[in-house]
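Visitor: Please take one part of this structure and look at it closely. I would like to know what surrounds it and how the rest is arranged about it.

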Amino acid sequence: MTTATMQSIAQRDTELNDMILQGDAMEAFEKFYAEDVVMQDQGMGPWEGKDENREREKAFFDNVTELRRFELVDAAVGDDVTYSTWDLDFTHEEWGDVQYKQVAVRHWNDEGLIEKERFYRG
């Protein structure tokens, strides 16, 4: 991968993270995720395709009833992959009060879209 491509992915990942922080997660999903994206949460999934993942993401955000902290702790970029660490504290309608740190690992395709994303919690 060229340095220019790495910078482009870094810029796209920064824009994605900024949109999430501004409350525009679903708009970011539409802009940055490939039609054939595969997403997986620790111990679950994988979920395949943009339609299935759109429904799952929308259901998650629709069920957050109180958001106390949604903080980007750090981020890094490598060859076609980005990493971001999040500190989350929220109330979910189905899950109750939730607090955890999460790492999102995103694999980007040649078109600058996320083709695979996996979440790790701790």
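**Around Asn-53**

Guide: Not counting residues up to four places away in sequence, Asn-53 touches Phe-29, Val-37, Met-39, Trp-47 and Glu-48. The model is a predicted one, and Asn-53 has its place in helix α3. Asn-53 counts as buried because its relative accessible area is 0%, where the cut-off for buried is under 20%.

Two of the residues that Asn-53 touches, Met-39 and Trp-47, also belong together in the sheet: Trp-47, in β2, is the bridge partner of Met-39. Strands β1 and β2 pair in the antiparallel sense, over 2 bridges. In general, the strands of a sheet pair through backbone hydrogen bonds, either parallel or antiparallel. The sheet here is open, has 6 strands and mixed pairing, and runs in the order β2-β1-β6-β5-β4-β3. Its edge strands are β2 (47-48) and β3, each of which pairs on one side only.

Met-39 leads on to the interior. The largest nonpolar core has 21 residues, and Met-39 is among those with the most contacts inside it, together with Leu-16, Phe-32, Tyr-33, Phe-90 and Ile-114. Two or more residues of this core come from each of α1 (3-21), α2 (25-32), β1 (33-41), β4 (81-92), β5 (96-108) and β6 (114-121).

Leu-16 shows another part of that core. Leu-16 lies in helix α1 and is buried, with a relative accessible area of 0%. With neighbours within four places in sequence left aside, the contacts of Leu-16 are Ala-28, Phe-32, Tyr-33, Arg-106 and Ile-114. Of these, Phe-32, Tyr-33 and Ile-114 are also among the core residues with the most contacts. From Leu-16 to Gln-40 the C-alpha to C-alpha separation is 18 Å, with their positions 24 residues apart in sequence.

Helix α3, which holds Asn-53, also takes part in the pockets. The largest pocket contains about 620 Å³ of space. It is lined by 31 residues, and those closest to its centre are Asp-41, Arg-56, Glu-57, Phe-60 and Phe-119. The elements giving two or more residues to this lining are α1, α2, β1, α3 (50-62), β4, β5 and β6. By class, the lining of the largest pocket has 21 nonpolar, 3 polar and 7 charged residues.

The second largest pocket has a volume of about 210 Å³. Ile-20, Gly-23, Ala-25, Phe-61 and Leu-67 are the closest to its centre among the 13 residues that line it. Helices α1, α2 and α3 and strand β3 (64-78) each give two or more residues to the lining of this second pocket. That lining divides into 10 nonpolar, 1 polar and 2 charged residues.

Ala-25 is one of the residues closest to the centre of the second largest pocket, and it lies in helix α2. Ala-25 counts as buried, at 13% relative accessibility. Outside its neighbours within four places in sequence, Ala-25 is in contact with Met-19, Ile-20 and Phe-61. Ile-20 and Phe-61 are, like Ala-25, among the residues closest to that pocket's centre. The C-alpha atom of Ala-25 is separated by 15 Å from that of Leu-88, which is 63 residues apart from Ala-25 along the chain.

Conventions:
Residues are numbered from 1 along each chain as its sequence is written. This is a predicted model: local features need pLDDT of at least 70, side-chain atom pairs count only at pLDDT 80 or more; totals for chains, interfaces and linings use all residues. Side-chain values use heavy atoms; hydrogens and water are left out. A nonpolar core is a set of buried Ala, Val, Leu, Ile, Met, Phe, Trp, Tyr and Cys residues joined through side-chain atoms within 4.5 Å. Buried means under 20% relative accessible area, exposed over 50%, partly exposed in between (1.4 Å probe, protein chains only). Helices (H or I, at least four residues) and strands (E, at least two) are DSSP runs, numbered from the N terminus. Contact means heavy atoms within 4.5 Å. On a 1 Å grid over the protein atoms alone, a cavity is a set of points where a 1.4 Å probe fits but cannot get out, and a pocket is an open set with protein on both sides within 12 Å along at least five of seven lines; lining residues have an atom within 4 Å of a point. Grid points are joined across faces, edges and corners, and a volume is the space filled by probe spheres set on the points. Ala, Val, Leu, Ile, Met, Phe, Trp, Tyr, Cys and Pro count as nonpolar, Asp, Glu, Lys and Arg as charged, and the others, Gly among them, as polar. Two strands pair if DSSP finds at least two bridges between them.
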